[in-house]
Amino acid sequence: MEEFYSGFAQQARDLAEKADPFTRRRLLDLAKRYDAKSRPTGNARPLPPPRTSPPSTLFSGPGEA
């Protein structure tokens, strides 16, 4: 998958060389995003552990708090 996105990033850069300034900026931004996807992210925030029981507010009846 990493090679797939890095290939798209290079294609966007190649097209940007021949594009007008507005399109060039958009293509280079797109290439940055593809580069980010092509690198594995080791610093992603881990998901919190799953709950083992629902919150206690679901079990309190009317008038109970």
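## Exercises on two helices

Asp35 sits in helix α2, which covers residues 21–38. The model used here is predicted.

**Exercise 1.** Decide whether Asp35 is buried or exposed, and find which residues Asp35 touches beyond four places away in sequence.

*Solution.*
- Step 1. The relative accessibility of Asp35 is 17%.
- Step 2. Buried means under 20% relative accessible area, so Asp35 counts as buried.
- Step 3. Leaving out residues up to four places away in sequence, Asp35 touches Ala9 and Arg13.

**Exercise 2.** Find how many salt bridges there are, and identify the partner of Asp35 in a salt bridge.

*Solution.*
- Step 1. A salt bridge needs a side-chain nitrogen of Lys or Arg within 4 Å of a carboxyl oxygen of Asp or Glu.
- Step 2. By this rule the count is two salt bridges.
- Step 3. Asp35 pairs with Arg13, and their closest N and O atoms are 2.2 Å apart.
- Step 4. Arg13 belongs to helix α1 (residues 2–17) and Asp35 to helix α2, so this pair ties together parts that lie 22 residues apart in sequence.
- Step 5. The accessibility of the two partners is given in turn: Arg13, at 27% relative accessibility, counts as partly exposed, whereas Asp35, at 17%, counts as buried.

**Exercise 3.** Examine the salt bridge of Asp29 and Arg33: where do the two residues lie, and how accessible is each?

*Solution.*
- Step 1. The side chains of Asp29 and Arg33 meet at 3.2 Å, N to O, which means that they satisfy the 4 Å limit.
- Step 2. Both Asp29 and Arg33 are in helix α2. They are four residues apart, about one turn of the helix.
- Step 3. Partly exposed covers the range between the 20% and 50% limits. Asp29 has a relative accessible area of 38% and is therefore partly exposed.
- Step 4. Arg33 has a relative accessible area of 48%, so Arg33 is partly exposed.

**Exercise 4.** List the residues of the largest nonpolar core, and state which helix gives the most to this core.

*Solution.*
- Step 1. The largest nonpolar core has six residues: Ala9, Ala12, Ala16, Ala19, Leu27 and Ala31.
- Step 2. Helices α1 and α2 each supply at least two residues of this core.
- Step 3. Helix α1 gives the most, with three residues.
- Step 4. One of the core residues is Ala19. Not counting residues up to four places away in sequence, Ala19 touches Arg24 and Leu27.
- Step 5. Leu27 is itself a member of the core.
- Step 6. Ala9, another member of the core, is touched by Asp35.

Key
Residues are numbered from 1 along each chain as its sequence is written. This is a predicted model: local features need pLDDT of at least 70, side-chain atom pairs count only at pLDDT 80 or more; totals for chains, interfaces and linings use all residues. Side-chain values use heavy atoms; hydrogens and water are left out. Buried means under 20% relative accessible area, exposed over 50%, partly exposed in between (1.4 Å probe, protein chains only). Contact means heavy atoms within 4.5 Å. A nonpolar core is a set of buried Ala, Val, Leu, Ile, Met, Phe, Trp, Tyr and Cys residues joined through side-chain atoms within 4.5 Å.
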